Amino acid sequence: MTGRPPKEGVALRTGAAIADPAGPPAKRRPDIDLSQCSKCQGCEALCPEVFCLGPGGYMEVADRDEYPEAAIDEAIAKCPEDCLTWLNTETTT
Ligand code: SF4
């Protein structure tokens, strides 16, 4: 590791949210690399309130103010295609 903190919008594997020492904690949401996703729906089985197979035939992530971290961390760990990550998004004020 270079010691530089990840910037907003950088996908992370599991771990704590990146906090900006000058502001509120960064929000994060799950993100699916659809180019790698096999649509096995394993993430949906583990966390149906967040993941679903959408009408267009691709996995979708629900828009929520907060996400169940433990269930999503488990889905990330068990994703057979390794295409599920946390994505840091804009901070809230
Ligand atoms: S577990 Fe991974 S490969 Fe399976 S549907 Fe979810 S994101 Fe796609």
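Two residues are in contact when their C-beta atoms, placed from the backbone, lie within 7 Å. That cut-off is used throughout what follows, and the model it is applied to is a predicted one.

Take Val50 as the starting point. Val50 sits in the loop between α1 and β3, the strand at 51-53. Setting aside neighbours within four places in sequence, Val50 is in contact with Pro30, Val61, Ala62, Arg64, Tyr67 and Ile72. Ala62 is twelve residues away along the chain, yet the C-alpha atoms of Val50 and Ala62 are separated by 4.9 Å. Is Val50 buried or exposed? Val50 is buried, because 20 other C-beta atoms lie within 10 Å.

Val50 also belongs to the largest nonpolar core, which has ten residues in all. Its other members are Ile32, Cys43, Cys47, Phe51, Met59, Ile72, Ala75, Cys79 and Leu84. Ala75 shows how this core is wired. Beyond four places in sequence, Ala75 is in contact with Cys43, Leu46, Cys47, Phe51 and Leu84. Over the whole protein, buried residues make up 15% of the 93 residues.

Now step back to the overall layout. The protein has two helices and five strands. Along the sequence they follow the pattern β-β-α-β-β-α-β. Consider contacts between residues at least 6 apart in sequence: 66% of these join residues at least 24 apart.

One strand pairing can be followed residue by residue. Strands β2 and β5 run antiparallel and are joined by five bridges. Within this pairing, Arg29 has Leu87 of β5 as its bridge partner. Asp31 stands opposite Thr85 in β5.

Both strands show alternating side chains. In β2, Arg28, Pro30 and Ile32 point to one face and are buried. Arg29 and Asp31 point to the other face and are not buried. Strand β5 covers residues 84-88. There, Leu84, Trp86 and Asn88 point to one face and are buried, while Thr85 and Leu87 point to the other and are not. The two bridge pairs named above can be read against this pattern. Arg29 and Asp31 are on the face of β2 that is not buried. Their partners Leu87 and Thr85 are likewise on the face of β5 that is not buried. Ile32 of β2 and Leu84 of β5 are both members of the nonpolar core.

Next comes the ligand. How many residues surround the ligand? There are 14, and the closest are Cys37, Cys40, Gly42, Cys43 and Cys79. By class, this shell has nine nonpolar, three polar and two charged residues. Cys43 and Cys79 appear in the nonpolar core as well.

The loop between β2 and α1 deserves a closer look. Gln36 lies in this loop, which runs between β2 at 28-32 and α1 at 42-46. Gln36 counts as exposed because it has 11 C-beta neighbours inside 10 Å. Even so, Gln36 has partners far along the chain. Its contacts beyond four places in sequence are Glu81 and Cys83. Cys83 is 47 residues away along the chain, with 6.0 Å between the two C-alpha atoms.

Lys39 lies in the loop between β2 and α1 too. With 13 C-beta neighbours inside 10 Å, Lys39 counts as partly exposed. Its phi is positive, about 60°, although Lys39 is not a glycine. Most residues other than glycine have a negative phi. Asp82 is another non-glycine residue with a positive phi, about 55°. Asp82 is placed in the loop between α2 and β5. It has 11 C-beta neighbours inside 10 Å, so Asp82 counts as exposed.

Helix α2 covers residues 69-78 and includes Ala77. Ala77 counts as exposed because it has 12 C-beta neighbours inside 10 Å. Ala77 and Cys43 are 34 residues apart in sequence, and their C-alpha atoms are 9.9 Å apart in space.

Last, confidence. The protein averages a pLDDT of 82, and 69% of the residues score at least 70. Which stretch stays under 50? Residues 6-12 do, and the model has 14 contacts beyond four places in sequence for them.

Methods
Residues numbered from 1 in each chain as written. Predicted model: local features only at pLDDT ≥ 70, side-chain atom pairs only at ≥ 80, totals over all residues. Near = placed C-beta within 6 Å. Nonpolar A, V, L, I, M, F, W, Y, C, P; charged D, E, K, R; others polar. Helix = DSSP H or I, 4+ residues; strand = E, 2+ residues; numbered from the N terminus. Core = buried A, V, L, I, M, F, W, Y, C linked by C-beta atoms within 7 Å. Pairing = 2+ DSSP bridges. pLDDT = per-residue confidence, 0-100.
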